[in-house]
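Trainee: I should like to take a close look at a single part of this protein. May I put the request once the structure is before us?

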Amino acid sequence: MLSKKDVDALGMLAGPEVYQKWQGLIEKLSSGSKITVANTGLYNSGKSSLFNALLGREHFKVGAIPTTKTGDREILTDSIELLDTPGIDTPDSSDDAAAFDALMRSDIILMIHNVKTGMLNRAEYEWLKRIAEGMNRETIADRMIFVSTWTDEIQDKSDLEKLRSEIQRQVREAANGIEIRYAEVSAKRFKTGIENDKKALVDASGIPEFRNFVIDAAKKFSEKAESLRRQELLNLCRITRDRLNDKRRSVSDEIDGRKRRIRSRYDGAFETWRGILSRFTSMRGNVQSKLNECKSISYDSYFENRIYDM
């Protein structure tokens, strides 16, 4: 596996996203059997509320303004860790970078969407597309789950059905045509059911079923994790190779361009000095010829011949 020095060098040459992918993969390869389940979505999508519902207690901060900055972790089971990431599309652009970095280090990603806002907006769509492009295509279906929250706020079932169909179309399109697992939950309904000891509300929230679904998905991922991570490693090696080749071509083109600019700038002067050099080379040849002639005859004979010639 690459050393930190190697990864830092790749980051400089191949770009920050490749750097993040290598960091994430190295972390996953060293994590053993633990599976990290991370959430992502707009800051008001209900990410933290959903994780609290899965835990069955309040742990992750919930607020009307962005609260998660660097990511918060908590154990769901002995083999599953939940990671609450910063919300996307906030005024602080560093949150997006921190969120993407955390996702690339995770095993399973839950993309959370608040259905009260309707279909995916542009920020959510582009974010989902960016995540999918950051993964090995063969692992997307195993690593991603799309979750619609606040489903109880849509009273008309036909409206919910139409919205569900349109959201699933957007998700499939953003994920390069790959069918991503889809779930609908209501953390609000779950919390109300727990507080009022109403099992019907708890069951209707979809949270117990979804919790089992996440645990099962993590178990299945764990069973094939070694193979999936090997695929991810091979894919990342290909991406890195292509990026480095692109960088090499770019640098080579830049060097050739600079050579051409320098040559065109000094071509005139170069030709002038080459002409001067040629002239002095010729003169030096004449002088050398005369010196050789002096050495081959006596000085007296040489001067007699010169006087005779005159």
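Trainee: Leaving aside its neighbours within four places in sequence, with which residues is Met 144 in contact? Please explain the surroundings of this residue in one connected account.

Mentor: Please keep in mind throughout that this is a predicted model. Once the neighbours within four places in sequence are set aside, Met 144 is in contact with Ile 109, Met 111, Leu 128, Ile 131, Met 135, Ile 180 and Arg 181.

These contacts belong to a wider setting, the core. In soluble globular proteins, nonpolar side chains tend to be buried together. The largest nonpolar core here has 31 residues, and Trp 127 and Met 144 are the ones that touch the most other members. Two or more residues of this core come from each of the elements α4, β4, α5 (122–133), β5 and α7. Besides this core there is a second, separate one of 27 residues, with Leu 54, Leu 82, Val 214 and Ala 218 among its members. In the protein chain, which has 310 residues, buried residues make up 39%.

Let us now turn to the sheet. The protein chain contains eleven helices and six strands. Six strands form an open sheet in the order β2-β3-β1-β4-β5-β6, and their pairing is mixed. At the edges stand β2 (72–77) and β6; each has a single partner strand, so one side of each is left without a neighbour in the sheet. From one strand to the next, the twist averages 25°. Strands of a sheet pair through backbone hydrogen bonds, either parallel or antiparallel. Both senses can be found here. Strand β4 (residues 108–114) pairs with β5 in the parallel sense, over six bridges, and Leu 110 has Ile 145 in β5 as its bridge partner. Helix α7 (residues 157–174) packs on the sheet and touches β4, β5 and β6, while its direction makes about 150° with that of β6. By contrast, β2 and strand β3 (residues 80–84) run antiparallel and are joined by five bridges. In that pairing Ile 75 stands opposite Glu 81 in β3, and the two strands form a hairpin with two residues between them.

Two further residues of strand β5 deserve attention. Thr 149 has its place in this strand and is buried, because its relative accessible area of 4% is under the 20% cut-off. Apart from neighbours within four places in sequence, Thr 149 is in contact with Ser 45, Ile 112, His 113, Asn 114, Val 115 and Val 185. The other residue, Phe 146, brings us to the aromatic rings. A pair of aromatic rings is described by the distance of the centres and the angle of the planes. The structure holds four such aromatic pairs. In one of them, Phe 51 and Phe 60 are tilted, at 5.5 Å centre to centre and with 50° between the planes. Phe 51 is buried at a relative accessible area of 0%, and Phe 60 is buried at 2%. Phe 146 and Tyr 182 form a stacked pair, with 6.0 Å from centre to centre and 10° between the planes. This pair links distant parts of the chain, since Phe 146 lies in strand β5 (residues 144–149) and Tyr 182 in strand β6 (residues 181–184), 36 residues apart. Phe 146 counts as buried, with 1% relative accessibility.

Links between distant parts of the chain can also be described for the chain as a whole. Of the contacts between residues at least 6 apart in sequence, 69% join residues at least 24 apart.

Helix α4 (residues 94–104) offers a further example, for Leu 103 lies in it. Leu 103 counts as buried because its relative accessibility is 0%. With neighbours within four places in sequence left aside, its contacts are Ala 38, Asn 39, Thr 40, Thr 85, Ile 109, Trp 127, Ile 131 and Arg 143. Ile 109 and Ile 131 also appear among the contacts of Met 144, and Trp 127 was named above together with Met 144 in the account of the core.

Finally, there are charged groups over rings. The charged end of Arg 130 sits over the ring of Phe 100, at 4.0 Å from its centre. Lys 116 lies over the face of Trp 150, 4.1 Å from the ring centre.

Key. Residues numbered from 1 in each chain as written. Predicted model: local features only at pLDDT ≥ 70, side-chain atom pairs only at ≥ 80, totals over all residues. Heavy atoms only, no water. Helix = DSSP H or I, 4+ residues; strand = E, 2+ residues; numbered from the N terminus. Buried < 20%, exposed > 50% of the residue type's maximum accessible area, 1.4 Å probe, protein only. Contact = heavy atoms within 4.5 Å. Phe/Tyr/Trp six-rings, centres within 6.5 Å; stacked < 30°, edge-to-face > 60°. Lys NZ or Arg CZ within 6 Å of the ring centre and 35° of its normal. Pairing = 2+ DSSP bridges. Axes fitted to C-alpha atoms, helices over the stretch in contact; angles between N-to-C directions. Core = buried A, V, L, I, M, F, W, Y, C linked by side-chain atoms within 4.5 Å.
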